[in-house]
Amino acid sequence: MPAGHMISSVVAMKAILLAGGKGTRLRPLTIHTPKPIVPIFERPFLNYQLDLLKRVPEIDQVILSLNYQPRRIEHIFGDGGESGLSIRYVVEPAPLGTAGAVRYAGEALRESVVVFNGDVLTEIDLASVIALHRERKAKATIVLTPVENPSAYGLVETDEAGNVRRFLEKPKPDEITCDTINAGIYVLEPDTFDRIPADTPWSIERSYFPSLIERGETFVAYVDRGYWIDIGTPAKYTQVHRDIMDGHFRSTRFAGGPIAWVSEDARVDEGAVLEAPCFIDEGTVVKAGARIGPYSVVGRQCHVEEHATVAQSILWANTRICQDALVSQSILGRQCHVGRSATIENGVVLGDKSVVTDFSRL
Ligand code: GDD
Ligand code: MG
């Protein structure tokens, strides 16, 4: 067929990223850094979702649905710039819940829309999810992932043909009937949005999905068994770094460990010990006798002084760990100061600018 006669089958699609939550379970880290931009290694989280969306050529615009500290997020992503995607920001006047936010952000849409919870990391083949949605002429398609304990998620029961039969958000222990949960990734038809009230908070999980089932609409499940995690708690936030260093999530530059990844602009003095896998970002200085243990992530412009130890911990930028201090299994926000011989261990989470005085124990 001559090129001029080819009709493009590529329809432009939009994606809505629900990134308006307060990130309460990640406090105090999220006091000054909303969850969608907490760093995973050196990159704000949403970058990983943009990477995934970029792989689908049909998606030409990403709408970030925000309400908590929207300016900080806009400041980072601008108009999309280097991501190659055009980014639009929709800021709710007040939190509208997950469904209210979709309606508010998707008001003008006529095409199928991809929706993501703004805190899930996966390597899903989004193009196949969209293909299934079209093939089944679905009103909604939801990605499911198996987990050991569904109680913190939305439990989703399906039938043999892959239709969703039941959606139960945060099931109680005796309500757990299967291991598949809502992975927070959907393809939706905008002609269903009119059932979402315009100005009151409304939940996609508790109201919109159950309404599809009640009305007998085509609501299809796509089960993905690849890597999936919700980064929304300190334990999961730590785990995601671990998983990446262990090679379970491969769409990063940190594949092929265990390696000590050290920025070219970091300075690791002779006599400092780095145990792989670990990561040291630009501008950071690690002094003689200091030890960076496995599964540690040290952000930009940090100082780890003589004989200090950082083990299985994540330090954000501009933090100083003074001589002989120990930071183990903890997360420290930006610009913290840990005094000499202080000990911080066992799941401590410090907000930005925390000061731990010399010899303190946390
Ligand atoms: N714009 C906007 N407005 N976004 C919101 C609002 C809102 O009012 N409320 C929540 N969000 C965003 C959050 O920022 C987050 O990215 C996403 O919606 C989901 O909210 P979470 O608070 O993280 O929910 P969850 O983790 O307890 O449960 C959800 O995710 C699970 C998978 O991780 C549910 O969708 C579960 O069904 C699901 O299994
Ligand atoms: Mg979540």
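Trainee: Which residue of β11 is the bridge partner of proline 146?

Mentor: In β11, proline 146 has threonine 180 as its bridge partner. Before we go on, this is a predicted model, where local features need pLDDT of at least 70 and side-chain atom pairs count only at pLDDT 80 or more, while totals for chains, interfaces and linings use all residues. Residues are numbered from 1 along each chain as its sequence is written, chains are lettered from A and ligands numbered from 1 in the order in which they are written, and side-chain values use heavy atoms, with hydrogens and water left out.

Trainee: What makes β8 and β11 a pair?

Mentor: Two strands pair if DSSP finds at least two bridges between them, and a strand here is a DSSP run of E with at least two residues, just as a helix is a run of H or I with at least four, both numbered from the N terminus. β8 and β11 have six bridges, in the antiparallel sense, so they pass that test. On β12 (residues 219-223), β8 has five bridges in the parallel sense, with isoleucine 142 opposite alanine 221.

Trainee: Why is strand β8 called mostly covered?

Mentor: Six of the seven residues of β8 (residues 140-146) are buried. Buried means under 20% relative accessible area, exposed means over 50%, and partly exposed lies in between, with a 1.4 Å probe and protein chains only.

Trainee: What makes strand β4 largely enclosed?

Mentor: Seven of the eight residues of β4 (residues 59-66) are buried, so the rest of the structure largely encloses this strand. β4 pairs in the parallel sense with β1 (residues 13-18) over six bridges, where lysine 14 is matched with glutamine 61 of β4. β4 also pairs in the parallel sense with β5 (residues 86-91), over six bridges, and there serine 65 has valine 90 as its partner.

Trainee: Which residues of helix α1 are buried?

Mentor: They are Leu46, Asn47, Tyr48, Gln49, Leu50, Leu52 and Leu53. That is seven of the nine residues of α1 (residues 46-54), so this helix too is largely enclosed by the rest of the structure.

Trainee: How do you know how α3 is oriented to α5?

Mentor: Helix α3 (residues 97-105) and helix α5 (residues 204-214) pack at about 70°, with axes 7 Å apart. The axes are lines fitted to C-alpha atoms, for helices over the stretch in contact, and angles run from 0 to 180 degrees between N-to-C directions. Angles under 35 degrees count as roughly parallel, over 145 as roughly antiparallel, 65 to 115 as roughly perpendicular and the rest as oblique. The verdict is therefore that α3 is roughly perpendicular to α5.

Trainee: Which residues make the contact of α3 and α5?

Mentor: Thr98, Ala99 and Val102 come from α3, and Ile204, Glu205 and Tyr208 from α5; contact means heavy atoms within 4.5 Å.

Trainee: Why is threonine 192 called buried?

Mentor: Threonine 192 has a relative accessible area of 1%, so it falls under the 20% limit. This residue lies in the loop between β11 (180-188) and α5. Apart from neighbours within four places in sequence, threonine 192 touches Lys139, Tyr208 and Leu212.

Trainee: And why is tryptophan 261 called buried?

Mentor: Tryptophan 261 has a relative accessible area of 11%, so the 20% limit is met again. Tryptophan 261 sits in strand β14 (residues 260-262). Its contacts, leaving aside neighbours within four places, include Met245, Phe254 and Cys278.

Trainee: Which residues coordinate the magnesium ion (ligand 2)?

Mentor: Asp119 (OD) and Asp230 (OD) do, at 2.1 to 2.3 Å. Donors are N, O and S atoms within 2.8 Å of the metal (3.2 Å for Na, K and Ca), and water is not among the atoms, so sites may look incomplete. Aspartate 119 is in the loop between β6 (113-117) and β7 (120-122), and aspartate 230 is in strand β13 (residues 228-230), 111 residues apart. Both aspartate 119 and aspartate 230 are buried.

Trainee: Which strands stand at the edges of the sheet β16-β19-β22-β25-β28?

Mentor: This open sheet has five strands with parallel pairing. β16 (273-274) and β28 (343-344) stand at its edges with a single partner strand each, so one side of each has no neighbour in the sheet. Inside that order, β22 (residues 309-311) and β25 (residues 326-328) pair over three bridges, and valine 310 is partnered by valine 327.
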